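Here is a colleague's note for someone opening this structure without any prior acquaintance with it. The points below are meant to be read alongside the sequence and the coordinates.

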Amino acid sequence: MIARTRFPVVLALASCLAGPAVAQAGRDDPWIHISVHERQAGGSSVEINVPLSVAEPALALAPDSALARGRVRLDAGDVSLAKIRRLWMELRETGDAPFVTARDSVSDVTVARAGNLLDVRVTEMGGDGETVRLRVPVALVDALFAGQEDHLDLVAAVKQLQTTRGEVLTVEGPDSHVRIWIDEQPSSGT
Amino acid sequence: MILKLLALGTLPVGLLTAAAAVFGPTVAVIEVNEGGEDGHRFVVPLPLPVVRGTLLVSPAKDLLAENPDWKRVAPAAGRLLEELWKAPDAVLVRVSEPDESVTIRKQGGTIRIDVTGESERVRVRVPIAFVEDVLRRVGDGNLTGRELAISLGRLPRGQLVEVLDGTDHVSVRLY
């Protein structure tokens with residue numbers, strides 16, 4: 001009898017105590033992982049794992065001189081960002097095909113669309129033949145170019161990342177390997 | 001009769017426990033141990049109620065009046081910490097170099113920073129609730145001594161800082 005009357009009280013108490021823990025454990029919020037590994041033996045490595053929900057407030061922490069209202073001003077040299085944006089809008093509508101192929105004595109550059117990814121490959125001619133490869137989701141590039149004139153919209157990019165899963169960027173160099181990806185695991189698993 | 005005495009005896013203990021839960025830690029102990037044969041040892045117990053009491057009666061002056069940048073970043077930093085607090089425990093940053101490693105992890109309600117070098121080790125525990133509370137007060141307006149005194153009540157017990165440098169050892173612990 002006593003056990004029967006105490007049971008609801010114990011159950012209510014357990015619910016109160018376990019509720020927040022269950023709510024936290026059940027969260028499937030996206031986490032962004034950044035991993036940088038030097039290839040040589042004993043090389044340095046950096047691993048960063050943060051919930052994507054901290055990215056937006058983190059942007060607001062940047063000084064206004066660097067980032068105004070989540071928009072960064074890009075100095076693209078001789079070519080304005082507005083021109084690059086217009087070029088992107090035209091090229092993105094084409095199917096899977098190389099957008100740009102440029103080769104000279106210094107480097108070999110290929111920019112292509114492969115499904116939902118923008119694939120950039122830069123190979124250094126001569127020297128140690130360094131190859132850098134970036135694979136960025138097309139939707140992320142769209143979000144970055146959502147800014148006006150010579151600004152990239154980082155807030156829009158972060159919002160886009162909320163719905164992105166999988167590889168965001170990979171850079172394969174001869175000395176190091178950089179990888180950025182998003183999943184729902186707090187640990188990078190590397 | 002025995003039960004009554006027992007109940008009366010447990011009352012002060014219960015009240016003290018409740019007070020400790022409400023008012024937070026009561027003593028900060030700073031301990032410095034110098035290594036070597038002639039090394040000194042200092043133990044400085046700092047009664048936190050005295051610190052908080054002093055802050056409570058201090059003039060209502062904005063402690064960050066000369067640092068307006070803090071007020072600008074406080075709301076965003078507070079939101080960042082709030083999101084971190086809600087997140088499950090995880091290793092947030094791990095840097096490994098041949099002679100040094102840095103780990104920042106979220107563990108419970110704290111951010112733990114662990115730096116290990118060849119002969120030194122630094123461990124810092126940052127209580128999220130305390131920092132978030134201070135940032136909220138900064139963001140809401142002015143951070144006065146009184147506001148800081150209230151925030152100090154949110155500090156958790158346990159070790160806050162530990163530095164091992166060769167044979168020297170420094171620690172700050174809250175009780």
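**Notes on the predicted model**

1. A convenient place to begin is chain A, where strand β1 (residues 31–38) runs antiparallel to strand β2 (residues 45–51) and is joined to it by seven bridges. Within this pair, A:I32 stands opposite A:V50 of β2(A). Please keep in mind throughout that this is a predicted model.

2. From β2(A) the pairing passes to the other chain, since four bridges join β2(A) to β3(B), and these two strands run antiparallel. One position to look up here is A:E47, whose bridge partner in β3(B) is B:R94.

3. Which sheet do these strands belong to? They are part of an open sheet of twelve strands with antiparallel pairing, whose order is β9(A)-β10(A)-β1(A)-β2(A)-β3(B)-β4(B)-β5(B)-β6(B)-β7(B)-β8(B)-β1(B)-β2(B). Its edge strands, each of which pairs on one side only, are β9 (166–172) of chain A and β2 (41–47) of chain B. On average, and with direction ignored, neighbouring strands of this sheet are turned by 10 degrees against each other. As general background, strands of a sheet pair through backbone hydrogen bonds, either parallel or antiparallel.

4. At the chain B end of that order, helix α2 (residues 48–57) of chain B packs on the sheet, where it touches β1 (27–33) and β2 of chain B. The direction of this helix makes about 50 degrees with that of β2(B).

5. For chain B as a whole, the model has five helices and eight strands, and from the N terminus on these elements run α-β-β-α-α-β-β-β-β-α-α-β-β. Of the 175 residues in chain B, 16% are buried. If one considers the contacts in chain B between residues at least 6 apart in sequence, 51% of them join residues at least 24 apart.

6. How many residues of chain B are in contact with chain A? There are 19 of them, and they are in contact with 20 residues of chain A. On the chain B side, the elements that give two or more residues are α3 (68–86) and β3 (90–97). Sorted by class, this side of chain B has 13 nonpolar, one polar and five charged residues.

7. Returning to chain A, strands β4 (residues 98–103) and β5 (residues 107–114) pair in the antiparallel sense over five bridges, with A:T101 opposite A:T110 in β5(A), and a hairpin of three residues joins β4(A) to β5(A). Strand β5(A) also runs antiparallel to β6 (residues 117–124) of chain A, to which eight bridges join it. In this second pair A:A114 has A:L117 of β6(A) as its bridge partner. The hairpin formed by β5(A) and β6(A) has two residues between the strands, and A:G115 in the turn has a positive phi of about 65 degrees.

8. The largest nonpolar core has 26 residues, and those with the most contacts inside it are A:L140, A:L144, A:A157 and B:L135. The elements that give two or more residues to this core come from both chains, namely β1, α4 (138–144) and α5 (154–161) of chain A together with α3 and α4 (128–140) of chain B. Helix α3(B) gives the most, with five residues. In soluble globular proteins, nonpolar side chains tend to be buried together.

9. To follow one member of the core, consider A:L140, which touches A:A157, A:Q160, A:L161, A:T164 and A:V168 when residues up to four places away in sequence are not counted.

Key
Residues are numbered from 1 along each chain as its sequence is written. Chains are lettered from A and ligands numbered from 1 in the order in which they are written. This is a predicted model: local features need pLDDT of at least 70, side-chain atom pairs count only at pLDDT 80 or more; totals for chains, interfaces and linings use all residues. A residue is buried if 20 or more other C-beta atoms lie within 10 Å of its own, exposed if 12 or fewer, and partly exposed in between; C-beta atoms are placed from the backbone. Two residues are in contact if their C-beta atoms, placed from the backbone, lie within 7 Å. Two strands pair if DSSP finds at least two bridges between them. Axes are lines fitted to C-alpha atoms, for helices over the stretch in contact, and angles run from 0 to 180 degrees between N-to-C directions. Ala, Val, Leu, Ile, Met, Phe, Trp, Tyr, Cys and Pro count as nonpolar, Asp, Glu, Lys and Arg as charged, and the others, Gly among them, as polar. A nonpolar core is a set of buried Ala, Val, Leu, Ile, Met, Phe, Trp, Tyr and Cys residues joined through C-beta atoms within 7 Å.
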